[in-house]
Amino acid sequence: MISIYPLIIVLIAVIIFASVFTVKQQTAAIVERFGKFNAIRQSGLRFKIPVFDRIAGRLSLKIQQLDVIIETKTLDDVFVKLKVSVQYKVIYDKVYDAFYKLDYPHDQITSYVFDVVRAEVPKMKLDDVFVKKDDIAIAVKSELNDAMSDYGFDIIKTLVTDIDPDAQVKESMNRINASEREKIAAQFEGDAQRILIVERAKAEAESKRLQGQGIADQRREIARGLEESVEVLNKVGINSQEASALIVVTQHYDTLQSIGQETNSNLILLPNSPQAGSQMLNDMVASFTASNQIGEAMKNAKPKKID
């Protein structure tokens, strides 16, 4: 006769094995009894009645992300594709609603995202879509929170992660941007040229001023030297007229000597005859004499009486 003890042991082992199950961390298991909801089991080692109970499903309690791509039209009739990332999770206390009220939560969330984006973006111009993408994300999150909280889902955050206009529109935007930058560069280049011209004019004016000051100083020193030369000649018995004439003649011959020292000089000094010096001296003495006579005559002239 065959012993039934091994069969009993095997049967007990199968029953125990069928009664025990584990639930992972951040996961919830839904247990049904005879097809009806019975309990929600959290993470750890759990038990159920074999045959009568079964695990209907498991829900992750982690934060999940759903990426939705929507194509819509802006206020200025530009078609654009937006990528909206929705971060959501199952509410801990509403696992029952999340499991039984929705078959396909991803489809439900996608429908709401499409509805909100296609209601908001057509109110904006293309440039405003880039600037106000956070406003679009906030509008999507608000609408989703109101709708999905009843189904046991909490919308953590929504992000507009990509805005992709038509290729021709992007090319036009790039050309506009490049033209604007070239305009700014031209303005800066013009300002730089203007500043350079102004600074050159200032430098030239300063150079002229210093050059004039140098010429004035030179003439002042020449006059002072002539005055000292006349005083020295007066001390040895030469009067002022003769001294002045002598200085002029001396300078004349010094000039001739300087010109002769320059081998490549093209300067011609006229008159340049041997009698030029004495003629120049005679002319100067005659001029000084005539000047003195005129001065003495003006001093001796008596003013006429007015009747």
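This report describes selected local features of a predicted model.

## Met124 and its surroundings

Met124 sits in the loop that runs between helix H3 (105-120) and helix H4 (126-131), and with a relative accessible area of 10% this residue is buried, because the value falls under 20%. Although Met124 and Thr74 are 50 residues apart in sequence, their C-alpha atoms are 5.8 Å apart in space.

When neighbours within four places in sequence are left aside, the contacts of Met124 comprise Thr74, Leu75 and Asp76, together with Val129, Lys132 and Ile136.

## A nonpolar surface patch

On the surface, a nonpolar patch is formed by Ile4, Tyr5, Leu7, Ile8, Ile12 and Ile16, which together have about 640 Å² of accessible area. One of these residues, Ile12, belongs to helix H1 (residues 5-19), and its relative accessible area of 44% makes Ile12 partly exposed.

## Residues with positive phi

Gln26, which is not a glycine, nevertheless has a positive phi of about 55°. This residue is placed in the loop between strand S1 (20-23) and strand S2 (27-33), where Gln26 counts as partly exposed at 37% relative accessibility.

Asp77 is likewise not a glycine and has a positive phi, here of about 60°, and its position is in the loop between strand S6 (64-73) and strand S7 (79-90). With a relative accessible area of 54%, Asp77 is exposed, because that value is over 50%.

Note on methods: Residues are numbered from 1 along each chain as its sequence is written. This is a predicted model: local features need pLDDT of at least 70, side-chain atom pairs count only at pLDDT 80 or more; totals for chains, interfaces and linings use all residues. Side-chain values use heavy atoms; hydrogens and water are left out. Helices (H or I, at least four residues) and strands (E, at least two) are DSSP runs, numbered from the N terminus. Buried means under 20% relative accessible area, exposed over 50%, partly exposed in between (1.4 Å probe, protein chains only). Contact means heavy atoms within 4.5 Å. Patches are made of residues with over 30% relative accessible area and no salt bridge: like charges are joined within 9 Å, nonpolar side chains (Val, Leu, Ile, Met, Phe, Trp, Tyr) within 5 Å. Accessible areas come from the Shrake-Rupley method with a 1.4 Å probe; for residues, only the protein chains shown count as cover. A salt bridge is a side-chain nitrogen of Lys or Arg within 4 Å of a carboxyl oxygen of Asp or Glu.
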